[in-house]
Amino acid sequence: NPHKTSWERSSGINAEYGETRFIRLNAEKAPFLTERLKIQVMPTILMAKDSTVCDRIVGFTDLGNSDNFPTSLLEWRIARSKCINYSGDLSRPPVEEVKEKKMVNIQRNLRQEEFSSDSELDD
C-alpha cells in the first residue's frame with residue numbers, strides 16, 4: 001500500500017523535526033474535511049504554517065514518481081515549503097537511488113470512486 005509508506009516516511013520526519021506534526025486522515029471516512037481541503041488524489045500531503053495551508057504534495061510526482069521514494073526526498077520537499085528547519089541544499093533534491101524503483105501510473109481519484117461501484121454494473 002503506497003499510502004502506508006508515505007505515512008511511515010512522514011513519521012520518521014516527525015521524530016527528527018520537533019516543529020512538525022503529521023496527521024493521518026482517512027479521506028473516505030471524512031468527506032467534509034476532504035472536500036474542504038480540496039483533496040482529490042491520494043496520497044496528498046498538505047503543509048500548513050500558522051493554521052494556513054501553504055503547500056501540498058499531490059501523488060508521487062514530486063517524490064520521483066515512485067511509492068518507494070527515500071525519506072530524504074520527502075524531507076527536502078517539505079523543507080522547500082519552509083515547514084521544517086532543513087540544513088541541506090534546497091536548490092536541488094538529495095541524490096539517492098530509489099531502491100527497486102516501481103513506477104506509479106495510477107492515482108486514486110476520490111470523485112471517481114464515489115460514483116462507481118460494482119452494483120451499478122449489475123443493472
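Reader: How much of the protein is buried?
Author: Buried residues account for 30% of the 123 residues in the protein. The model is a predicted one.

Reader: And how much surface does the protein expose?
Author: About 8,800 Å² is exposed, and carbon and sulfur atoms supply 48% of that area.

Reader: What helices and strands are there, and in what pattern?
Author: The protein has five helices and four strands. Along the sequence they follow the pattern α-α-β-β-β-α-β-α-α.

Reader: Which residues have the most contacts inside the largest nonpolar core?
Author: They are Ile13, Ile57, Leu63, Phe69, Leu74 and Ile78, in a core of 16 residues. Two elements, β2 (44-49) and α3 (71-79), each give two or more residues to this core. The most comes from α3, which gives five residues.

Reader: Why would nonpolar residues end up together like that?
Author: As a general tendency in soluble globular proteins, nonpolar side chains are buried together.

Reader: Back to Phe69. What is Phe69 in contact with?
Author: If neighbours within four places in sequence are left aside, Phe69 is in contact with Ser6, Arg9, Phe60, Leu63 and Leu74. Leu63 and Leu74 are also on the list of residues with the most contacts inside the core.

Reader: What share of contacts join residues at least 24 apart?
Author: The share is 52%, counted among contacts between residues at least 6 apart in sequence.

Reader: New topic. How do β2 and β3 run, parallel or antiparallel?
Author: β2 and β3 (residues 52-58) run antiparallel, and six bridges join them. Within that pairing, Ala48 stands opposite Val53 in β3.

Reader: What about the turn of that hairpin?
Author: Two residues lie between the strands, and Asp50 takes a positive phi near 55°. Ser51, in the loop between β2 and β3, also has a positive phi, of about 65°, although Ser51 is not a glycine.

Reader: Is Ser51 buried or exposed, and why?
Author: Ser51 is exposed, because its relative accessible area is 79% and the cut-off for exposed is over 50%.

Reader: Which residue in the loop between α2 and β1 has a positive phi?
Author: Lys38 sits in that loop and has a positive phi of about 60°, although Lys38 is not a glycine. Lys38 counts as exposed because its relative accessible area is 62%.

Reader: And Gln40, where is that?
Author: Gln40 is in the loop between α2 (31-36) and β1 (41-42). With 45% relative accessibility, Gln40 counts as partly exposed. The C-alpha atoms of Gln40 and Ala27 are 9.2 Å apart, and these residues are separated by 13 residues along the chain.

Reader: Where is the cis peptide bond?
Author: The bond from Met42 to Pro43 is cis, with omega near 0°. Pro43 belongs to the loop between β1 and β2.

Reader: Last one. Which residues form the nonpolar patch on the surface?
Author: The patch is formed by Leu25, Phe32 and Leu33, and together they have about 290 Å² of accessible area.

Reader: So where is Leu25, and why does it count as partly exposed?
Author: Leu25 is in the loop between α1 (2-16) and α2. Leu25 counts as partly exposed because its relative accessibility is 34%, and partly exposed covers values between the buried cut-off, under 20%, and the exposed one, over 50%.

How values were computed:
Residues numbered from 1 in each chain as written. Predicted model: local features only at pLDDT ≥ 70, side-chain atom pairs only at ≥ 80, totals over all residues. Heavy atoms only, no water. Buried < 20%, exposed > 50% of the residue type's maximum accessible area, 1.4 Å probe, protein only. Core = buried A, V, L, I, M, F, W, Y, C linked by side-chain atoms within 4.5 Å. Contact = heavy atoms within 4.5 Å. Patch = residues over 30% accessible without salt bridge, like charges linked within 9 Å, V, L, I, M, F, W, Y side chains within 5 Å. Areas by Shrake-Rupley, 256 points an atom, 1.4 Å probe, with all protein chains shown as cover. Salt bridge = Lys/Arg side-chain N within 4 Å of Asp/Glu carboxyl O. Pairing = 2+ DSSP bridges.
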